[in-house]
Amino acid sequence: MKNKLIAPSLLSADFGNLQRDIEMLNRSQADWLHVDVMDGRFVPNISFGFPVMKAIQKHAEKFIDVHLMIVEPEKYVEEFIDEGADLVSVHYEACTHLHRTIHRIRDKGAKAGVVLNPATPVLMLEDIIADVDLVLLMSVNPGFGGQKFIENTYRKIAETKDLILSNNSTALIEVDGGVNTQNAARLFEAGADVLVAGNAVFASENPEKTIELLKL
Ligand code: DX5
Ligand code: ZN
């Protein structure tokens, strides 16, 4: 997988016009579609589940990146892959048996990612980094779009990069939360490979243009 990828988050799309918004992303320079699943337990918000995932898969032409913000994700990872997920990321904080869950995702033929909340240190990944395809660093507390970027994420990107290199891992680094046209270039420079952007894309006047700007 190449880097400098943009993954617009459908959480900020207009759900009444989901097909229209996905078709806009199909035409755009977006690389991935980021799909945020929230259960009201792991995070204090509920987004959507399988019926909406089905609708997304029906229209999406891009790589589908599913971010599970749910407790006991191991119960559902296979179904998300059946519904079209190309990559499934689970939270470190939500998995008692993270190694098993990561391998269940990979055995089912999808890429597997691990997500860290802002307060979880990168060093917790030491014994799983060799098994994952992606590390997703939360740069806001998960649960809502449109929040303010947490600045210590730059340091966490550098630490994750070191961990990846020292383990000969090929994992990509994805950053999620508060990404916009002001901080995107610096995040790529710091070592991020994939940037998620919800509000910055969908609240802008010209979402397709904003996606282009995020890559500059
Ligand atoms: C937050 C979600 C994000 C969210 C990002 O819990 O994981 O993917 O949609 O939204 P923005 O880019 O608006 O911060
Ligand atoms: Zn997300």
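Visitor: Which residue meets the side chain of lysine 108 in a salt bridge?
Guide: Keep in mind that this is a predicted model. Side chains of opposite charge can pair when their charged atoms come close. Here the N to O distance is 3.0 Å, and the partner of lysine 108 is aspartate 82.

Visitor: Where do the two ends of that salt bridge sit, and how many residues apart are they?
Guide: Lysine 108 is in the loop between helix H4 (98-107) and strand E5 (111-116), while aspartate 82 belongs to helix H3 (residues 77-82). So the pair ties together distant parts of the chain, with a spacing of 26 residues.

Visitor: Is lysine 108 buried, partly exposed or exposed?
Guide: Its relative accessibility comes out at 36%. Buried would need a value under 20%, and exposed one over 50%. Lysine 108 falls between those limits, so it counts as partly exposed.

Visitor: How many salt bridges turn up in the whole structure?
Guide: The lysine 108 and aspartate 82 contact is a salt bridge, and the side chains of arginine 27 and glutamate 208 meet in one too, at 3.4 Å from N to O. Searching the whole structure gives a total of eleven.

Visitor: Which helices does the arginine 27 and glutamate 208 salt bridge link?
Guide: The side chains meet at 3.4 Å, N to O. Their positions are 181 residues apart, so this is another link between distant parts of the chain. Arginine 27 is in residues 18-27 and glutamate 208 is on the far side of that link, which gives helices H1 and H8.

Visitor: Of arginine 27 and glutamate 208, which one is exposed?
Guide: Glutamate 208 has 28% relative accessibility, so it is only partly exposed. The other partner has a relative accessible area of 56%, and the cut-off for exposed is over 50%. That makes the exposed one arginine 27.

Visitor: Which residues make up the salt-bridge network that includes aspartate 21?
Guide: Start with aspartate 21 and arginine 20, whose closest N and O atoms are 3.1 Å apart. Aspartate 21 is buried because its relative accessibility is 7%, whereas arginine 20 is partly exposed at 47%. The linked set is Asp14, Arg20 and Asp21.

Visitor: Over to the metal: what is the geometry of the zinc ion (ligand 2) site?
Guide: Four residues coordinate the zinc ion, at 2.1 to 2.3 Å: His34 (NE2), Asp36 (OD), His67 (ND1) and Asp176 (OD). There are six donor atoms, with angles of 71 to 170° among them. Ideal angles are 90 or 180 degrees for six octahedral donors. By the angle criteria, this site is octahedral.

Visitor: What is the sequence spacing of the zinc donors?
Guide: The donors include aspartate 36 in strand E2 (residues 32-38) and aspartate 176 in strand E7 (residues 172-176), 140 residues apart. Both of these aspartates are buried. Written as a pattern, the spacing is H-x1-D-x30-H-x108-D.

Visitor: Which residues of helix H2 (residues 50-59) are buried?
Guide: An α-helix has 3.6 residues a turn, so residues three or four places apart point the same way. The buried residues of H2 pack against H1, E2, strand E3 (63-69) and H3. They are Phe50, Met53, Ile56 and His59.

Visitor: Which residues form a cluster of ring pairs with Phe50?
Guide: Phe50 is among the buried residues of helix H2. The structure has five aromatic pairs by the ring-centre rule. Ring pairs join Phe50 into a cluster with Tyr76 and Phe80.

Visitor: Which residues does threonine 210 contact beyond its close sequence neighbours?
Guide: Threonine 210 is in helix H8 (residues 207-214) and is buried, because its relative accessibility is 9%. Its C-alpha lies 7.5 Å from that of alanine 200, ten residues away along the chain. Leaving aside neighbours within four places, the contacts are Thr181, Ala200, Val201 and Ser204.

Visitor: What is the phi of asparagine 168?
Guide: Asparagine 168 is in the loop between helix H5 (153-166) and E7. It is exposed because its relative accessible area is 73%. Although it is not a glycine, its phi is positive, at about 50°.

How values were computed. Residues numbered from 1 in each chain as written. Chains lettered and ligands numbered in written order. Predicted model: local features only at pLDDT ≥ 70, side-chain atom pairs only at ≥ 80, totals over all residues. Heavy atoms only, no water. Helix = DSSP H or I, 4+ residues; strand = E, 2+ residues; numbered from the N terminus. Buried < 20%, exposed > 50% of the residue type's maximum accessible area, 1.4 Å probe, protein only. Contact = heavy atoms within 4.5 Å. Phe/Tyr/Trp six-rings, centres within 6.5 Å; stacked < 30°, edge-to-face > 60°. Donors = N, O, S within 2.8 Å, 3.2 Å for Na, K, Ca; no water. Tetrahedral: all angles 85-135°; square planar, octahedral: opposite > 155°, others 65-115°. Salt bridge = Lys/Arg side-chain N within 4 Å of Asp/Glu carboxyl O.
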